[in-house]
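The exercises below are meant to be worked through with the sequence and the 3D view side by side. Try each task before reading its solution.

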Amino acid sequence: MQFRFFLFFLFSFGTLLAQNRTVGVFQNDAPAFNGYTLFTTGRLTYLIDNCGHEVRRWTSNYQPGLSVYLLENGNLLRTGRVGGSFSGGGVGGRLELFSWEGDLLWAWEYADDRVHQHHDVAPLPNGNILVLAWERVTAAEAEALGRRPNTVSSTGLWPEHLVEIRPVGADSAEIVWQWRLWDHLVQDAAPGLPNYAPGIADRPERLDINTGQPNTSDWVHCNAVSYNPQLDQIALCSRVLSEIWIIDHSTTTAEAAGSTGGNSGRGGDILYRWGNPQAYGRGGAVQRRLWGPHDVRWVAGEHPWAGKLMVFNNGVGRPGGNLSSVEVWAPPLNDLGTYDLNPGQPFGPAASDWSYSDANFYSSNISGAHAVPNGNIVVCEGDDGRFFEVDTLGNTHWSYINPVGMLGPVSQGQTPANNATFRVTRYAPGYPAFAGRDLTPGPLVELNPLPETCVLQTVGNGPEPDAEMRIFVHGNPLRDQLTLQNDTGNELTVAVADVLGRLVYRGAHAGETISIACADWPAGGYVLQVHPAGYHQPMIFNLIKH
């Protein structure tokens with residue numbers, strides 16, 4: 001009776017706290033990946049633990065511009081917003097490097113009447129930085145390359161370009177490489193002008209100058225840049241065109257302006273594009289997969305999906321209603337480092353390998369998602385400043401509401417104004433930046449917090465070391481049954497989902513040998529999650545069913 005009363009009291013107390021909680025941590029289950037989450041809001045950048053405690057905080061004199069990265073040496077790379085002759089969503093213009101202690105080490109502005117950094121940058125392994133920026137093209141210059149006159153704004157066009165810069169001193173930088181979208185256009189409007197092709201569909205490696213948003217300078221609006229060091233390639237995300245592009249970074253600047261050279265042999269042309277084949281004339285609305293996306297990233301490290309691409313699919317104007325999702329897919333990479341494309345067909349795949357959504361999940365802009373080493377996905381629902389973590393079966397294991405608005409952190413119980421967050425990144429405890437650093441948790445970010453109920457899973461981010469060697473999958477690839485050898489001595493909770501995240505099996509089993517019938521499962525890939533009772537983290541296995 002006393003035990004039942006304790007459970008009732010604990011449940012009632014937790015429910016009462018949840019009813020009064022408006023910000024901070026709402027959920028932190030054992031399967032969540034225990035790490036440190038980085039986000040910037042206003043002039044402040046925070047690094048928090050899974051219970052929402054401040055571990056580090058950096059202060060800038062500039063509003064975000066918008067991305068932020070914690071580098072392996074412990075420095076913080078941040079973009080800031082400065083004035084200029086460009087204005088629009090995601091405008092930045094300033095790059096800053098802060099020490100772990102918060103001192104400004106370096107700052108440089110890429111903003112004048114010709115160019116302006118916006119949205120994102122990407123740190124490179126060699127210490128250089130990729131910078132995403134607009135450049136100004138006059139209306140006359142746009143029309144001279146085939147842009148239809150009635151679709152050109154009086155302020156011209158702002159095509160995207162990338163520069164790779166090497167920081168110099170405390171306030172300078174050297175541009176060591178450049179790629180310009182303006183060098184890779186095609187048009188079918190004016191036969192007598194450059195880049196003419198009567199069939200846009202025959203030139204998928206180039207961007208149709210007459211696609212995108214008419215009568216708007218920011219006609220393409222890229223918002224993310226991601227670098228793959230294994231391929232030496234760059235992924236870009238275009239919100240307006242609802243496309244992901246991949247280009248070759250191994251080129252010289254001269255090669256990047258043309259269609260030959262580099263590892264791909266294709267210069268700076270688009271190697272791969274996905275999400276909206278209407279943009280290059282190789283599909284209709286039924287083939288479209290993205291609507292206003294943000295934050296493309298390659299899945300890296302030891303994650304089961306390593307090498308695939310992930311993007312936050314905002315879903316603005318999605319058929320059937322506005323609904324956001326997270327999409328994961330494998331581009332058709334071949335042995336030459338390029339991407340397979342059948343004549344007359346769009347780039348594959350025809351659908352995502354995995355997708356997450358729910359009925360209440362929607363952010364019209366900003367936002368992002370990335371994979372963490374234990375197999376989970378950390379999501380930033382940017383409009384509402386909501387961060388959460390799901391597993392591949394769609395179960396939520398961590399949830400947090402950004403307590404920092406325009407005027408700083410709010411008190412628990414209040415709703416912050418303007419706590420929208422561009423994106424977040426979860427770093428593992430073993431990330432090199434943390435070596436030798438003081439990671440003692442400080443106060444919670446929100447003011448006047450409630451009594452804490454969150455417990456950090458300090459035992460690690462994976463199953464206990466001996467558990468990984470005491471559960472085995474036999475007969476993979478599968479045919480008629482899934483067989484597990486369980487040498488832990490504990491009951492196992494077993495769940496299996498297909499690559500789209502649809503649950504095909506869930507159950508609890510005890511014993512040394514566990515057999516699960518799977519003859520009626522369709523052929524394809526599956527994700528197996530096994531959680532031994534008494535262990536803090538589940539184990540993830542990739543399965544193939546013949």
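What follows is a set of exercises on a predicted model, each with a worked solution.

**Exercise 1. The overall picture**

Task: Find out how many helices and strands the protein has, and decide how its radius of gyration stands against the globule rule.

Solution. Start with the secondary structure, which comes to three helices and 36 strands. Next, take the radius of gyration, which is 25 Å, while the globule rule gives 24 Å for 546 residues; the two values are close, so the protein is as compact as a globular protein of that length. Then look at the extent along the principal axes, where the C-alpha atoms fill a box of roughly 85 × 55 × 45 Å.

**Exercise 2. Burial, contacts and surface**

Task: State what share of the residues counts as buried, and what share of the contacts between residues at least 6 apart in sequence joins residues at least 24 apart.

Solution. For the first part, 54% of the 546 residues count as buried. For the second part, of the contacts between residues at least 6 apart in sequence, 58% join residues at least 24 apart. To complete the picture, turn to the surface, where the protein exposes about 22,300 Å², with carbon and sulfur atoms supplying 52% of that area. Finally, consider the charges: there are 34 positive and 53 negative ones, and their mean positions lie 4 Å apart.

**Exercise 3. Strand 17 and its partners**

Task: Decide whether strand 17 is largely enclosed or open, and identify the strands that pair with it.

Solution. First, locate strand 17 at residues 243-248 and check its burial: six of its six residues are buried, so this strand is largely enclosed by the rest of the structure. Second, sort the side chains by direction, recalling that in a regular strand the side chains alternate between the two faces of the sheet. Here Glu 243, Trp 245 and Ile 247 point one way, whereas Ile 244, Ile 246 and Asp 248 point the other way, and all of them are buried. Third, follow the pairing with strand 16 (residues 233-238), which runs antiparallel to strand 17 and is joined to it by six bridges; within this pair, Ser 238 stands opposite Glu 243. The two strands form a hairpin with four residues between them, and Ser 242 in the turn has a positive phi of about 55°. Fourth, turn to strand 18 (residues 272-274), which pairs with strand 17 in the antiparallel sense over three bridges, with Tyr 272 as the bridge partner of Ile 246.

**Exercise 4. Two hairpins that share a strand**

Task: Trace the hairpins that strand 25 forms with strand 24 and with strand 26, and name the residue with a positive phi in each turn.

Solution. Begin with strand 25 itself, at residues 386-390, where four of the five residues are buried, so the strand is largely enclosed by the rest of the structure. On the side of strand 24 (residues 377-381), five bridges join the two strands in an antiparallel arrangement, and Val 378 has Glu 389 as its bridge partner. This hairpin leaves four residues between the strands, and the turn contains Gly 385, with a positive phi of about 60°. Strand 26 (residues 396-401) is likewise joined to strand 25 by five bridges and runs antiparallel to it, and Phe 388 is partnered there by Ser 399. In this hairpin five residues lie between the strands, and Gly 394 in the turn has a positive phi of about 90°.

**Exercise 5. Special backbone geometry**

Task: Locate the cis peptide bond that joins Gly 348 to its partner, and decide whether Asp 295 is buried or exposed.

Solution. Gly 348 is joined by a cis peptide bond to Pro 349, with omega about 5°, and Pro 349 lies in the loop between strand 21 (325-329) and strand 22 (354-356). A cis peptide bond also joins Gly 65 and Leu 66, with omega about 25°; Leu 66 has its place in strand 5 (residues 64-70). For the second part, Asp 295 belongs to strand 19 (residues 294-298) and has a positive phi of about 60° although it is not a glycine. Its relative accessibility is 3%, and since buried means under 20%, Asp 295 counts as buried.

How values were computed
Residues numbered from 1 in each chain as written. Predicted model: local features only at pLDDT ≥ 70, side-chain atom pairs only at ≥ 80, totals over all residues. Heavy atoms only, no water. Rg over C-alpha atoms; globule rule 2.2 N^0.38 Å. Buried < 20%, exposed > 50% of the residue type's maximum accessible area, 1.4 Å probe, protein only. Contact = heavy atoms within 4.5 Å. Areas by Shrake-Rupley, 256 points an atom, 1.4 Å probe, with all protein chains shown as cover. Lys, Arg positive; Asp, Glu negative; His and termini not counted. Charge placed at Lys NZ, Arg CZ, Asp CG, Glu CD. Pairing = 2+ DSSP bridges.
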